[in-house]
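Here's a quick briefing to read with the model open beside you. We'll go through the empty spaces, then the sheets.

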Amino acid sequence: MSRLPLTRTAIAAVLLLTAALLLWLLPRPAAPDGSAACTGRRIASWSADTGHTAAFARYGDDNSRVDDWTGGDGTHSVRLPDGRSLWLFSDTFLDRVQPPPNPQGQPYRWRTADRGGIPYLRHNSAVVTSRSGRPERTLTGGTAADPGPLFPDPPGGGWRWPVHASVEPRTPGAREKVVRVLLWNRAPGTGPWIFGVPRATEVATLSLPGLRLEGITETVGRTSVADPGRRVLYGTATVTDGPWTYVFGGDDPPSSPASSAYLARVPVGRLADRAHWRFWDGARWQRRAGRTAPVLRAGGRRGVGSAFSVVRDGRTWVLFTMDTGGGGTAGMRTITGYWSCSPRGPWHGPAGRLTPPRPADTDPQYVAAYNPQAHPEFTASGRLLLSYDVNRLGPGPADPHVNGNVALYRPRFLRVRLAPVTR
């Protein structure tokens, strides 16, 4: 065998190794946004944020108007261009709050009604807060005498639950801004679908600064997937990165407490335009929603709750969810997190856990915490504002309990500090 080819191969190998060593020794370029490189993140510590919790409690207890918000869940927020904030709620109680004791003689504020003795429950509402964070008014539909949901129930039955919202140009490049609100359209159901059968993802447009509902557009419909358990409702979280708005969603399998997370993306300014939605299928972006693949698949210790939240921490993407894989009651008690260097994954975790405080109740074992939502516009001193909802789960109907103790159906808030993942 000739030695010449071997010699050339050896020289080439030495040159490649030398080049690799030089590249490793050279200073690494800074990230485009000036932040540190992507590193693993975990929940390191937390504290109760009594300011936001108390602000909504005071507003809910105020009886100056009887068509106002007195409690709700599904807490999402968006900062408006003029410094106000819009807080979106799913199921919402209206009417009056009475001082303790309640009719059962317990030391709780309780909810009553001026209209037939039944408190008003509507499927959605919004609360506008001032620049200082003080709740100022409730947005509903209908009239003051008969308030309805801000986003009206769909024809033929069912309801709409608002999830994440974004302020974006009315059209790409336009100076005029609007608020786009993602909605989950659900149909009535029974058994595993007691909280509604997933039907469609929609986008509502609110004018600025008046917050008038201009219209609702379907973006991902039921025809994309026949099986309701495999339908993905999008909008539990959105993150804008460069020219794209990334929209996270989850499926709703009736036989599992954990959901899988999915991803779509839309050009900024096109959230309400279904023709511009693209869905990640595990390898590429494509038009067909029915071919999407999970970016975080449920199984074992992993999975997300039906509602979760995603934020950026430097170049790292962080996801907050209930610990659906924690076993026992952890899925309704404990919050955990995942991290990734890309919205497409891979997502690492769960990393870090916290068990948030729950309001007092005669049977605290039945009080659930759920739906952690990040509010990055309120980050202070490096601590992220995180809300969660509380409710009463069994035994028996929940309404007598949540109306007998208004603290059981109002958002509560934490300050969360993230830290690098330690191995």
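Which residues line the second largest cavity? In this predicted model, that lining is made up of Arg199, Ala200, Thr201, Val220, Gly221, Ser224, Arg231, Val232 and Leu233. Strand β15, residues 197-206, puts in the largest share, with three residues. That strand turns up again below, as part of an open sheet of four strands.

**Cavities**

- The structure has two cavities of 30 Å³ or more.
- The largest cavity holds about 60 Å³ of space, and the second largest has a volume of about 50 Å³.
- Around the largest cavity you'll find Trp184, Arg186, Pro198, Leu233, Gly250, Asp251, Asp252 and Ser306.
- Sorted by class, the residues around the largest cavity come out as three nonpolar, two polar and three charged.
- For the second largest cavity, the split is four nonpolar, three polar and two charged residues.
- Leu233 is worth a click: it is among the residues lining the largest cavity, and Leu233 is also listed in the lining of the second largest cavity.

**The second largest pocket**

- This pocket offers about 350 Å³ of space.
- Its lining counts 20 residues, and those nearest the centre are His164, Ala165, Ser166, Thr238 and Pro376.
- Elements giving two or more residues to that lining are β3 (76-79), β13, β17 (233-241) and β22 (309-313).
- Which of the elements gives the most to this lining? It's β13, with five residues.
- By class, the pocket lining divides into 10 nonpolar, seven polar and three charged residues.

**The β13-β14-β15-β16 sheet**

- These four strands make an open sheet in the order β13-β14-β15-β16, and the pairing is antiparallel.
- Why do β13 and β16 each have one side without a neighbour in the sheet? Strands β13 (159-169) and β16 (213-220) stand at the edges with a single partner strand each, so one side of each is left open in the sheet.
- From one strand to the next, the twist averages 25°.
- β13 and β14 run antiparallel and are joined by nine bridges.
- Strand β14 (residues 177-187) is also joined to β15 by nine bridges, again antiparallel.
- Asn185 is a handy residue for tracing across the sheet: in β14, Asn185 is the bridge partner of Arg160, and Asn185 stands opposite Ala200 in β15.
- Ala200, in turn, is one of the residues lining the second largest cavity.
- Another pair to look up is Ala187, which stands opposite Val197 in β15.
- Is β14 largely enclosed or largely open? Of its 11 residues, 10 are buried, so β14 is largely enclosed by the rest of the structure.

**The β1-β28-β27-β26 sheet**

- Another open sheet has four strands in the order β1-β28-β27-β26, with antiparallel pairing.
- Here the edges belong to β1 (41-48) and β26 (367-374); each has a single partner strand, so one side of each lacks a neighbour in the sheet.
- Neighbouring strands in this sheet are turned by 35° against each other on average, direction ignored.
- Seven bridges hold β1 and β28 together as an antiparallel pair.
- One place to look along that pair is Arg41, whose bridge partner in β28 is Pro420.
- Helix α2 (residues 50-61) lies across β1, β27 (384-392) and β28, and runs at about 160° to β28.

**Arg412 and its surroundings**

- Where does Arg412 sit? You'll find Arg412 in strand β28, which covers residues 412-420.
- Arg412 and Thr50 are 362 residues apart in sequence, yet their C-alpha atoms are 8.2 Å apart in space.
- Setting aside neighbours within four places in sequence, Arg412 is in contact with Thr53, Pro357, Pro359, Leu386, Ser387, Tyr388 and Val390.
- Compare those contacts with the helix placement: α2 spans residues 50-61 and lies across β28, as well as β1 and β27.

Key. Residues are numbered from 1 along each chain as its sequence is written. This is a predicted model: local features need pLDDT of at least 70, side-chain atom pairs count only at pLDDT 80 or more; totals for chains, interfaces and linings use all residues. Side-chain values use heavy atoms; hydrogens and water are left out. On a 1 Å grid over the protein atoms alone, a cavity is a set of points where a 1.4 Å probe fits but cannot get out, and a pocket is an open set with protein on both sides within 12 Å along at least five of seven lines; lining residues have an atom within 4 Å of a point. Grid points are joined across faces, edges and corners, and a volume is the space filled by probe spheres set on the points. Ala, Val, Leu, Ile, Met, Phe, Trp, Tyr, Cys and Pro count as nonpolar, Asp, Glu, Lys and Arg as charged, and the others, Gly among them, as polar. Two strands pair if DSSP finds at least two bridges between them. Axes are lines fitted to C-alpha atoms, for helices over the stretch in contact, and angles run from 0 to 180 degrees between N-to-C directions. Buried means under 20% relative accessible area, exposed over 50%, partly exposed in between (1.4 Å probe, protein chains only). Contact means heavy atoms within 4.5 Å.
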